[in-house]
Amino acid sequence: MIMVKPMDEHRHIGRMGAVDQVISYIRAAIQSGQYVVGDKLPNEAILAETIGVGRSSLREGMRILAAYGLVEIRQGEGTFITDQTAEQFFEIIGYMPNANFHSFIELRRVVETGTMMLIYNKLSPKVLSELQALVDQLDYKNGLEACVQADRAFHKLLLTCTGNPLLIQIERMIYRMRSELLYKIMCYSDIAEAAHVAHQAILDALKAQDKIRCLEATTAHLDEVTGNIIRLNIDR
């Protein structure tokens, strides 16, 4: 039987602590604005010395940060600050066996009804005007691409108006799944026309600053989308 020496065990624990130190340092530097998206990090030797860790721990920490989507390691160029957390999240969803459009709509139901609770009486005339322009664009005769773009922009603007960075990040995370669904259903004229009516109802409720109407209009819209998914049999 081979015995593990205490020193080996402590060395392993210390190494894991060093990796966490790398992750914490880079995250804190991003949050403080020391590094912004696009910045190239110092070379390995300088960065390891700055953080106070060994190069192997630095490399391991960077691999983890790359998996999170916070840095991008470019062979021959260096390591750069990036913001691909939303894309990484979408890739994870793609590997979830039970993730489908029904699950997506339920997530939207929680997020978007919660958003209405936050913003129903706080939108400026400028924002309301922008939302109206998007509803006007959501017209089948404008073509599939215009409808998809208008729908995405409408919901993105509502979430942005919360000013909550976590909700805004969630919008980025579900952006691609939202797009995938819209391209599958907005090619039908009756669905595009119904979407125009539903978005106008949401906007009218926002203009009236009526919380109950906002919640009812949002729920009705999502119920209608669920019905289209079932009717067209397009769940993933």
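The following exercises, each with a worked solution, concern a predicted model of a protein chain.

**Exercise 1. Overall architecture**

Determine how many helices and strands the protein chain contains, and in which order the elements run.

*Solution.*
Step 1. The secondary structure amounts to 10 helices and two strands.
Step 2. Read from the N terminus, the order of elements is α-α-α-β-β-α-α-α-α-α-α-α.
Step 3. As for burial, 40% of the 236 residues are buried.
Step 4. Among contacts with a separation of 6 or more, 69% join residues 24 or more positions apart.
Step 5. The accessible surface is about 13,100 Å², and carbon and sulfur atoms hold 57% of that area.

**Exercise 2. The geometry of helix H8**

Compare the span of H8 with the expected value, and state where the helix bends.

*Solution.*
Step 1. H8 covers residues 165-185 and has 21 residues.
Step 2. The expected span is 1.5 Å times one less than the number of residues, which for H8 gives 30 Å.
Step 3. From first to last C-alpha, H8 reaches 29 Å, close to that expectation.
Step 4. At Ile-174, H8 bends by about 45 degrees; Ile-174 is also one of the buried residues of the helix.
Step 5. At the start of H8, the backbone nitrogen of Leu-166 has a side-chain oxygen of Asn-164 within 2.8 Å.

**Exercise 3. The environment of Arg-178**

Classify Arg-178 as buried or exposed, and identify the residues that it touches.

*Solution.*
Step 1. Arg-178 is located in helix H8.
Step 2. Buried means under 20% relative accessible area. Arg-178 has a relative accessibility of 1%, and therefore counts as buried.
Step 3. Other buried residues of H8 include Glu-171, Met-177 and Ser-179.
Step 4. Leaving aside residues up to four places away in sequence, Arg-178 touches Phe-104, Arg-108, Glu-112, Arg-152, His-155 and Glu-171.
Step 5. Glu-171 thus appears both among the contacts of Arg-178 and among the buried residues of H8.

**Exercise 4. A loop residue, Asn-43**

Locate Asn-43, assign its exposure class, and describe its relation to Ala-45 and Thr-79.

*Solution.*
Step 1. Asn-43 belongs to the loop between helix H1 (6-32) and helix H2 (44-51).
Step 2. The class between buried and exposed runs from 20% to 50%. Asn-43 is partly exposed because its relative accessible area is 44%.
Step 3. A polar atom of the Asn-43 side chain lies 3.2 Å from the backbone nitrogen of Ala-45.
Step 4. Asn-43 and Thr-79 are separated by 36 residues in sequence, while their C-alpha atoms are 8.2 Å apart.

Methods
Residues are numbered from 1 along each chain as its sequence is written. This is a predicted model: local features need pLDDT of at least 70, side-chain atom pairs count only at pLDDT 80 or more; totals for chains, interfaces and linings use all residues. Side-chain values use heavy atoms; hydrogens and water are left out. Helices (H or I, at least four residues) and strands (E, at least two) are DSSP runs, numbered from the N terminus. Buried means under 20% relative accessible area, exposed over 50%, partly exposed in between (1.4 Å probe, protein chains only). Contact means heavy atoms within 4.5 Å. Accessible areas come from the Shrake-Rupley method with a 1.4 Å probe; for residues, only the protein chains shown count as cover. The bend at a residue is the angle between axes fitted to the seven residues ending there and the seven starting there. A polar contact is a pair of N or O atoms within 3.5 Å; within protein, one must be able to donate a hydrogen and the other to accept it, and residues adjacent in sequence count only if both atoms are side-chain atoms.
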